[in-house]
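Welcome to a short set of exercises. Look over the sequence and the 3D view, then try each task before you read its solution.

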Amino acid sequence: MIENYAAEGKSLARLDGKVVFVENTVPGDVADVQLYKNKKDWAEGFPLEIKKFSSDRIKPFCKHFGVCGGCQWQMLPYEKQLMYKQQQVFDVLTRIGKVDLPVMLPIVGADATKFYRNKMEYAFSAKQFIAEDDFRKMVHSGDDIQAAAQKNVAGFYAKGIFDKVVEIEQCHLQAEPTNSLRNAVATFARNHHFPFYDFKQHTGWLRNMMVRLATTGEIMVNLVIAKRDEEKMQMLFDFIRKEFPSITTLLCTINGKRNDSIYDLDPEVVYGKGYITEQLEGFSYKISPKSFFQTNTRQAEKLYGIARSFAELTGREIVYDLYCGTGSIGIFISPLAKKVIGVELIDDAITDAKENAALNKIENATFYTGDVTKICDDSFFEINGKPDVVIVDPPRAGLHAKLCEKLLQVQAPAIVYVSCNPATQARDINLLSEKYIVEKVQPVDMFPHTLHIENVAQLKLK
Ligand code: SAH
């Protein structure tokens, strides 16, 4: 019997007093479990057979669920997902962070649990991934498995498999025109015999497509192809322009490398401005094809609002926004601060941050490119001013230990820690607990139906 949710998609059961972490199950399920790891105090396993399904289970709404790894929790009602996320934050804070029951505000759920993403990336592939169940059905019905495996498809890479793509007909994470566009481009390319990319052989032409929708109505599409081919390019661009007039800007990136990353490449503008503008509260943000922006716009607005309220600004504070990306948080809180200082590793993001500050006529924010562990030294704080509030929003790995040390030395009266990984956040809070106490925390659900949790913590100097 599965008793509770544990973490990272695994649930928890007990066998003779030993804790067993089980994947692909939910609390309330009764299952026969095959162990693949068996230690003294704990074990890990997967369900061979689920004997009784939990009464909490609901039917996943997407036909690709299970094969496509994008969503993991469609079998749980949204309220239960929120409940387990809240519990997860509480667990790691108390267990890893050793925090004395902080004031834990209820998780902020999403109003829209479908079509909430502003950015999606699809792959075109000469090899289709066929799930085990479909494979069996095909064997029984005598279908041509070889032909199906070699079908040119558009969708997502199968989980853990780098060269085969799960064909997606409808994804519920991003609103139209994304689904129709992806399907239409794939059909057009198949009809015109444009070769789809083969990741293993490094052959083929059509590679990826990124779609970004802004709440302002602007839509950006970046098509990634393997090499320049004017005739094919023109045909495809004309088709997209004619069939999808709502797309405000189309870009094309030529990627002849083996990997899919476009960060070292230059997207070329086919038509339109080459970027879109997003709006959070009254602030405008320019988003270029390569720049980072929180992928759930409406939840990002709530997340930044919480960070701002936890910073308790009066207009007199010097605020540091560390790991600032394109300056989104710094800009958002700037009207309530005396001065904002942003630090970020990626130079392009800092260029965007400066442009975004100018776009919003913000004059009290300064942005620096650099590694927080190197740039944030004594002279940096001396030149820019002793911090009243430090806002940190690190990647999943959390704060660098060196930065934690520095923060303990600098002793800002308040730290607002925005985290996309509560486990590393709890570890860092534990390090900071030498001088800081956690006053309150509030999780925010940025990604319904997935396991991701965002959490904001307010730390005050003891
Ligand atoms: N606060 C931003 C971005 C947060 S994502 C927003 O909400 O949009 C985390 C950012 O930390 C990324 O932009 C990443 O490039 C940056 N980063 C990672 N390691 C860093 C380091 N050592 N020093 C400075 N920035 C770093």
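Helices (H or I, at least four residues) and strands (E, at least two) are DSSP runs, numbered from the N terminus. This is a predicted model, where local features need pLDDT of at least 70, side-chain atom pairs count only at pLDDT 80 or more, and totals for chains, interfaces and linings use all residues. Residues are numbered from 1 along each chain as its sequence is written, and side-chain values use heavy atoms, with hydrogens and water left out.

**Exercise 1.** Find the loop that holds Q411, then describe its phi and its exposure.

*Solution.*
Step 1: Q411 sits in the loop between α11 (401-410) and β20 (414-419).
Step 2: Its phi is near 55°, a positive value in a residue other than glycine.
Step 3: Q411 has a relative accessible area of 30% and is partly exposed (buried means under 20% relative accessible area, exposed over 50%, partly exposed in between, with a 1.4 Å probe and protein chains only).

**Exercise 2.** Do the same for D16.

*Solution.*
Step 1: The loop between β2 and β3 (18-22) contains D16.
Step 2: The phi of D16 is near 50°, again positive in a residue other than glycine.
Step 3: With a relative accessible area of 81%, D16 is exposed.

**Exercise 3.** Which peptide bond is cis, with omega near 15°?

*Solution.*
Step 1: The bond runs from E176 to P177.
Step 2: P177 belongs to the loop between β9 and α4 (178-191).

**Exercise 4.** Work out how the buried residues of α8 are arranged around its axis.

*Solution.*
Step 1: Helix α8 (residues 347-359) has 13 residues and reaches 18 Å from its first C-alpha to its last, close to the 18 Å expected at 1.5 Å a residue (the expected span is 1.5 Å times one less than the number of residues).
Step 2: Its buried residues are A349, I350, D352, A353, N356 and A357.
Step 3: Seen down the axis of α8, these residues fall within an arc of 155°, so they line one face of the helix (the arc is that of the directions from the helix axis to the C-beta atoms).

**Exercise 5.** Where does the second largest pocket lie with respect to the domains?

*Solution.*
Step 1: Domain 1 (4-57) gives residues to the lining of this pocket, and domain 3 (119-280) does too.
Step 2: The second largest pocket therefore lies between these two domains (domain bounds come from an automatic or database domain assignment; a pocket is, on a 1 Å grid over the protein atoms alone, an open set of points where a 1.4 Å probe fits, with protein on both sides within 12 Å along at least five of seven lines, and lining residues have an atom within 4 Å of a point).
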